[in-house]
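Work through the following exercises with the sequence and the coordinates at hand, and try each task before you read the solution beneath it.

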Amino acid sequence: MDVMGEKATLFETGRFVQLGDQHADRDEAGEAAEEARQRLAAEAGDVEAMSVLGAMLLRRGDLDGAEPLLRAATAAGDRAAANNLGVLLHQRGYAEEAAGWWRIAAVAGSAAAAHALGRHHRERGDEPAAEYWLRQAAEQGHTLGAYALADLLEHRGDDGGAERWMRAAAERGHREAAYRLARAYDRKALRTQEAGGDNGVAPSLFEEAEQWYRRAAARGHRRAALHLGAILERRGDLKEAGRWYLTSAKDGEVRAACALGFLLRDAGDTESAAVWWLRAAQEGDGNAANALGALHAERGETQTAERWYRAAMDAGDVNGAYNLGLLCAEQGRTSQAEQWYRRAAYAGHREAANALAILLLQAGDPAGAGPWFSKAAEAGSVDAAFNLGILYAGRGEAGTALRWYERAAAAGHTEAALQVGIARLRDGDERTAERHLRCAAGGGSPEAAYRLATLLDARRPPVRVHELGEPSHDKSECEEWYERAASQGHRRAQVRVGMLAAARGDVVEAARWYREAAEGGSRNGAFNLGLLLAREGSEPEAALWWTRAADAGHGRAALRLALVHARHGELAEGQQWADRAVSLGPVEVSERAARLSDALRQELSA
C-alpha cells in the first residue's frame, strides 16, 4: 500500500515556561503543597517564588492571580517571569506588549522567550526578525526553537538549513520534527531514483527515512506509524506492519485503518478487515468504502455494494463511480454502466475510459470508442493501448496498430508482445520477433510459446530419426517451449510434442500428447494417434481415430480408412472414403485417392 503524507503545520506553542524551568511536574497533592509553600515564600518577598507561583497559576488558567506575581518577579529581573508574563499578555490579546516582555527575557538569555518572540514576528510576516530570534533559541538548545527555525527555513527554500535544524529538534525528542525529517528523506530518495543516478544513495536515504519514521512513531505520531507500516508491508514484514497500522488506526488515522483492513483481508480474515474498513469508511475514507463495496459484491450483496460504492464516490474517490459501472455491467444494466463509466472517465479515471470504450465498441460504435481508448492509453492504461492496436488492425491500419501494440508490449502486456512478435515475423525481422515472443511466452501466452518454439525449431540442425524403442536424446529448447504451450492446452503444440517424442522413440509420451490433442478436437492429433496405434497392431482403434479426423476434414485420414476397408474387402465403404479423400485433399492425397476410387469402382462393377 502507498500512502500520502501532507506537510504538518506548525501548531505547538512552547512559549510557556513551566515552573520557571526549574521543577518537574508533580501529582495534584504534591502540586497543592508546593503551591502553598511557594505562596508563603512569595508573600515573604522571594522573587523566585513569585515567578514559580505565577507560572503555576498561569498554567492552571488563573490569569488574574498570575499577572501581579509575574509582574513583580519581572520587575525584580527574573527572566522566566518576563517570558511567562509575555505568554499571559498574549493570551489576553495584548500581542505587542507580550512581545516587549519576550524581548526583555530573550535579551537576558531566555531561549523560551526568544522562541516565542520569533514566532510572534513570523505570525506578523517579519521573517528576518523571526529567523534572528528563532536562531537564538535554537542555538541555545531550545527544541521548539530548532523546529520553528527549520520550518521557517524550509518555507524559504533553504533545504540544507532546514534539514540541520529539523534533525536537531528530532534528536532532542520532537516527534513532528522526526516525522517531517523522514518525509524529507523519502522525497529525496524518490527524486534520486527518478533521476537515475542512484549508486546506492536512494536505498540509504530510504533507510534514513525509515529510522526517523520509527522514532516519531515510537513517540506516538500516528502518521509516522502509518508510513512505517507501509514501508514494512512493502518489505514483507507483515506482522510488524500490522502492529504499526493498528497503533496508528487506534489513534484515529483512517488511512491506517483502511490499510490494516487490506492486510487482514490478504491474511484471509475478511470479517476483521470489514470492521476496520467500516471504521475508516464512516470517517470518510473512500478507499475503505470501495473495499467494503467489493467485499459485499463478492458475497452477492449488490445493493449493499452499490451503497458503499456511492459512499466512496461521495467521499471524492472516483473509483466509486468506476466500480458502480462494473457492478451495473455485471448485472446487464448497460446504460447505467455507461453513465458511471463516463462519470469516472471525465474525472480522469483511465480504466473507466477504457471500459467505456469497450462498451461503445460492443454496442457497435467504434467511432465513439476510439477517442476514449486514446484518452485511456495516453493516461497510461496498458489495456487501452492494446485495444487501440486491435481497433486499428480491424480498420486495416497495420502500422498504427503495431505502434500501439509496441507501446503496450513495452509496458509488459503479454498479448501485445505476441502481436508485435507475429508482425515482426511477417516482416522477416526474426531477432525482434524472438525477443517479443519470449516476453509473451514468459508472460503465459501458449500461442507465443508455440510460435517461439516453431522459430527455434526451424533453426536447429536436422536430428536423426530414432527407431521406436531406441534411447532418446536430450530435449532441445524448442521442445521445451512446445511442451510449455502443450501443457497450456495448445493443440498444435501438443501434436508437435507428440511428433518429437515419436522421433526420439518415446512411444508412450507420443501417444499421450496425440491423445490429448485429439480429445481436444485436433484432427492432426487424431490422425497421428491412429498411425501410432496402427504401427502397434491396434488397427480397429486406429480406424476410430482416423474416422474422427476424417469427419473433421482430414484428407489423409479419409485415405487411410479407404485403404483399410479395401484391404478387408469392404469395397463400397472403401470407395466412399476414397471419394471423401479426393474432395478433402491436399493434391497428392486427392490424386492417390482418385486412383484408388477408380480401382474399387472397377472391382465393384466386375
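**Exercise 1. Helix α5**

Task: State which residue with a positive phi follows α5, which residues of α5 are buried, and how they are arranged around the axis.

Solution. In this predicted model, α5 is followed by Gly109, whose phi is positive, near 105°. Turning to the helix itself, α5 runs over residues 95-107, and its 13 residues should span 18 Å at 1.5 Å a residue, which agrees with the 18 Å between its end C-alpha atoms. The buried residues of this helix are Ala95, Ala98, Ala99, Trp102, Ala105 and Ala106. They cover an arc of only 125° around the axis, and therefore they lie on the same side of α5. An α-helix has 3.6 residues a turn, so residues three or four places apart point the same way. On the face of α5 turned away from the buried side are the exposed residues Glu96 and Val107. The cover over the buried residues of α5 includes α4 (79-92), α6 (111-123) and α7 (127-139).

**Exercise 2. Leu85 and Thr74**

Task: Determine whether Leu85 is buried or exposed, and list what Thr74 is in contact with beyond its neighbours within four places in sequence.

Solution. Begin with Leu85, which is found in helix α4; with a relative accessibility of 0%, Leu85 counts as buried, since the cut-off for buried is under 20%. Once its neighbours within four places in sequence are set aside, Leu85 is in contact with Glu67, Leu70, Arg71, Thr74 and Trp101. For Leu85 and Leu70, a separation of 15 residues in sequence goes with 5.8 Å in space, C-alpha to C-alpha. Next take Thr74, which has its place in helix α3 (residues 63-75) and is buried, its relative accessible area being 8%. With neighbours within four places in sequence again left aside, the contacts of Thr74 are Ala81, Ala82, Leu85 and Trp101.

**Exercise 3. Helices α20 and α22**

Task: For α20, compare the expected span with the distance between the end C-alpha atoms, and then do the corresponding check for α22.

Solution. Helix α20 covers residues 350-362, and its 13 residues should span 18 Å at 1.5 Å a residue; the end C-alpha atoms are 19 Å apart, which agrees. Its buried residues include Ala352, Ala353, Asn354 and Ala355, together with Leu356, Ala357, Leu359 and Leu360. Among the elements that cover the buried residues of α20 are α18 (319-330), α19 (334-346), α21 (366-378) and α22 (382-394). α20 is followed by Gly364, with a positive phi near 85°.

For α22, 13 residues at 1.5 Å a residue should likewise span 18 Å, and the end C-alpha atoms lie 19 Å apart, which agrees. Buried in α22 are Ala384, Ala385, Phe386, Asn387, Leu388, Gly389, Leu391 and Tyr392, and what covers the buried residues of α22 includes α20, α21, α23 and α24 (414-427).

**Exercise 4. Rings and charges**

Task: Find how many aromatic pairs there are, describe the geometry of Phe262 with Trp277, and say which charged end sits over the ring of Trp513.

Solution. The count comes to seven aromatic pairs. One of them joins Phe262 and Trp277, with 5.1 Å from centre to centre and 65° between the planes, an edge-to-face pair. Phe262 lies in helix α14 (residues 254-266) and Trp277 in helix α15 (residues 270-282), so the pair ties together parts that are 15 residues apart in sequence. Both Phe262 and Trp277 are buried. For Phe386 and Tyr405, the ring centres are 5.7 Å apart and the planes are at 45°, so this pair is tilted. Phe386 lies in helix α22 and Tyr405 in helix α23 (residues 398-410), so the pair ties together parts that are 19 residues apart in sequence. Phe386 and Tyr405 are buried.

As for the charges, the charged end of Arg512 sits over the ring of Trp513, 4.3 Å from its centre, while the charged end of Arg395 sits over the ring of Tyr392, 5.2 Å from its centre.

**Exercise 5. Cysteines**

Task: Give the number of disulfides, and explain why Cys439 forms no such bond.

Solution. A disulfide requires two cysteine sulfur atoms within 2.5 Å. The sulfur of Cys439 is 19 Å from the closest cysteine sulfur, that of Cys478, which is too far for a bond. The count comes to zero disulfides.

Note on methods. Residues numbered from 1 in each chain as written. Predicted model: local features only at pLDDT ≥ 70, side-chain atom pairs only at ≥ 80, totals over all residues. Heavy atoms only, no water. Helix = DSSP H or I, 4+ residues; strand = E, 2+ residues; numbered from the N terminus. Expected span 1.5 Å × (residues − 1). Buried < 20%, exposed > 50% of the residue type's maximum accessible area, 1.4 Å probe, protein only. Contact = heavy atoms within 4.5 Å. Arc of directions from axis to C-beta. Phe/Tyr/Trp six-rings, centres within 6.5 Å; stacked < 30°, edge-to-face > 60°. Lys NZ or Arg CZ within 6 Å of the ring centre and 35° of its normal.
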